[in-house]
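Please open the structure in your viewer and keep the selection tool at hand. The stops below go from the whole chain to single strands, then to one residue, and finally to the pockets.

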Amino acid sequence: MKKMTDDMIERFQSTYKVGLLATIDDNGAPHITMLSSLQASAPQQLVMGQFTEGLSKEHVKTRPNVGFLIMTLDKMFWTGTARWTHCRNEGEEFDMYNQKPLFRYNTYFGVHTVHYFDLIDISEGENLRMGPVVFRAVLNLLARNLYGPKTGNQVMKPWAEKLMKGLQTLKFISWTGDDQFPHILPVIEAQASDSETIVIPAKPYASSAAGLKKNTAVAVNGLNLEMVGTLVKGTFGGFGFTPFGKTGRLKIERVYNSLPPKPGYIYP
């Protein structure tokens, strides 16, 4: 789809949703940022209200191609691509954001900049299929024990490792496709096998992940139900068959903290 419907625009207005923006970092790898302020302002335009600092807001100024995912509270999600065009510190969208209760009554996190994106394409809404998700998560719990041997390197901190092992943690993967745009998919079934490895099942979104190839640079974002999380980056080892289904492995090379007061890389 080349434009958003009125129903999409209305759904995306809520601040209480999962909004993810995938950008391309200085090394050419994808970078995922949680941005609940991501929404539509017109059928072919997205906007994002910036209220904290972070690398994604710098990435778009030199590498404007982005991917995005929006998931509403009823577990329906949309994915797509867009291109950053400009940012403003005033105007209709600026006033709109700062009238929202989340920002209007927040002393520390008012929106100070609005970023604008031209829509390239967007998927039709898809329900997060919890039956297949739970089934694959259980199988992946068994499959993750097959990956080793463990080197003993402490790449993720214990808190982050526990988060990435959690079956209830929301997880999303991003990679850059042949079209030079980053793409995002939910991979809630993915789990850490240790502090430096994420095991990713091929299903239930295998067709959408066709561009996820061996030796591709990827990023995986993990969020708990309080929307607190961590971002890991590394090289994807490709999908292979195990007794518990087709899975792949991400060898973590970098860990990024996106939370205030100081976003930045914490490993290495």
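The largest pocket has a lining that, sorted by class, holds 27 nonpolar, eleven polar and four charged residues. The tour comes back to that pocket at the end; please keep in mind throughout that this is a predicted model.

**The whole protein**

Begin with everything shown as a cartoon, where the secondary structure comes to six helices and 16 strands. The radius of gyration is 18 Å, close to the 18 Å that the globule rule gives for 268 residues, so the protein is as compact as a globular protein of that length. If you turn the model along its principal axes, the C-alpha atoms fill a box of roughly 55 × 35 × 30 Å. Buried residues make up 52% of the 268 residues, and of the contacts with a separation of 6 or more, 67% are between residues 24 or more positions apart.

**Strands S3, S4 and S7**

Select residues 39–42, which are strand S3, together with strand S4, whose pairing with S3 is antiparallel and runs over three bridges. The two are joined as a hairpin through two residues, and you can find the pairing at alanine 42, whose bridge partner in S4 is glutamine 45. Now keep only S4, residues 45–50: five of its six residues are buried, so the strand is largely enclosed by the rest of the structure. Add residues 113–122, strand S7, which is joined to S4 by six bridges and runs antiparallel to it; here glycine 49 has valine 114 in S7 as its bridge partner.

**Strand S9 and its two partners**

Move next to residues 170–176, strand S9, where six of the seven residues are buried, so that this strand too is largely enclosed by the rest of the structure. With S10, strand S9 pairs in the antiparallel sense over five bridges, and phenylalanine 172 has proline 186 in S10 as its bridge partner. S9 and S10 form a hairpin with five residues between them, and in that turn glutamine 180 has a positive phi of about 70 degrees. S9 is also joined to S13, by six bridges in an antiparallel arrangement, and lysine 171 has glycine 222 in S13 as its bridge partner.

**From S13 through S14 to S15**

Glycine 222 is a convenient place to continue, since its bridge partner in S14 is threonine 230. Select residues 217–223 (S13) and 229–242 (S14) to see two antiparallel strands joined by seven bridges. They form a hairpin with five residues between them, and methionine 227 in the turn has a positive phi of about 65 degrees. Extend the selection to residues 245–257, strand S15, which runs antiparallel to S14 and is joined to it by ten bridges; this hairpin has two residues between its strands.

**Phenylalanine 236**

Stay in strand S14 and show the side chain of phenylalanine 236. Is this residue buried or exposed? Phenylalanine 236 is buried, with a relative accessible area of 0%. Across from phenylalanine 236 stands leucine 250 in S15, and leucine 250 is also among its contacts beyond four places in sequence, which include Ile200, Leu212, Val218 and Arg249. Add tryptophan 175 as well: it is 61 residues away from phenylalanine 236 in sequence, yet the two C-alpha atoms are 9.5 Å apart in space.

**The pockets**

Finally, switch on a surface and look for open space. The largest pocket has a volume of about 980 Å³. Of the 42 residues that line it, the closest to its centre are Lys17, Val18, Met34, Leu223 and Met227, so select those five to place the view. The elements that give two or more residues to this lining are strand S2 (30–34), helix H2 (56–62) and helix H5 (130–143), and H5 gives the most, with five residues.

The second largest pocket has a volume of about 240 Å³. Its lining has 14 residues, and Thr79, His183, Ile184, Leu185 and Ser208 are the closest to its centre. Strand S6 (76–88) and strand S10 (182–186) are the elements that give two or more residues to this lining, with the largest share, four residues, coming from S6. By class, the lining of this second pocket divides into five nonpolar, six polar and three charged residues.

How values were computed. Residues numbered from 1 in each chain as written. Predicted model: local features only at pLDDT ≥ 70, side-chain atom pairs only at ≥ 80, totals over all residues. Heavy atoms only, no water. 1 Å grid on protein atoms, 1.4 Å probe; cavity = no way out; pocket = protein on both sides within 12 Å on 5 of 7 lines; lining within 4 Å. Points joined across faces, edges and corners; volume = space filled by probe spheres on them. Nonpolar A, V, L, I, M, F, W, Y, C, P; charged D, E, K, R; others polar. Pairing = 2+ DSSP bridges. Rg over C-alpha atoms; globule rule 2.2 N^0.38 Å. Buried < 20%, exposed > 50% of the residue type's maximum accessible area, 1.4 Å probe, protein only. Contact = heavy atoms within 4.5 Å.
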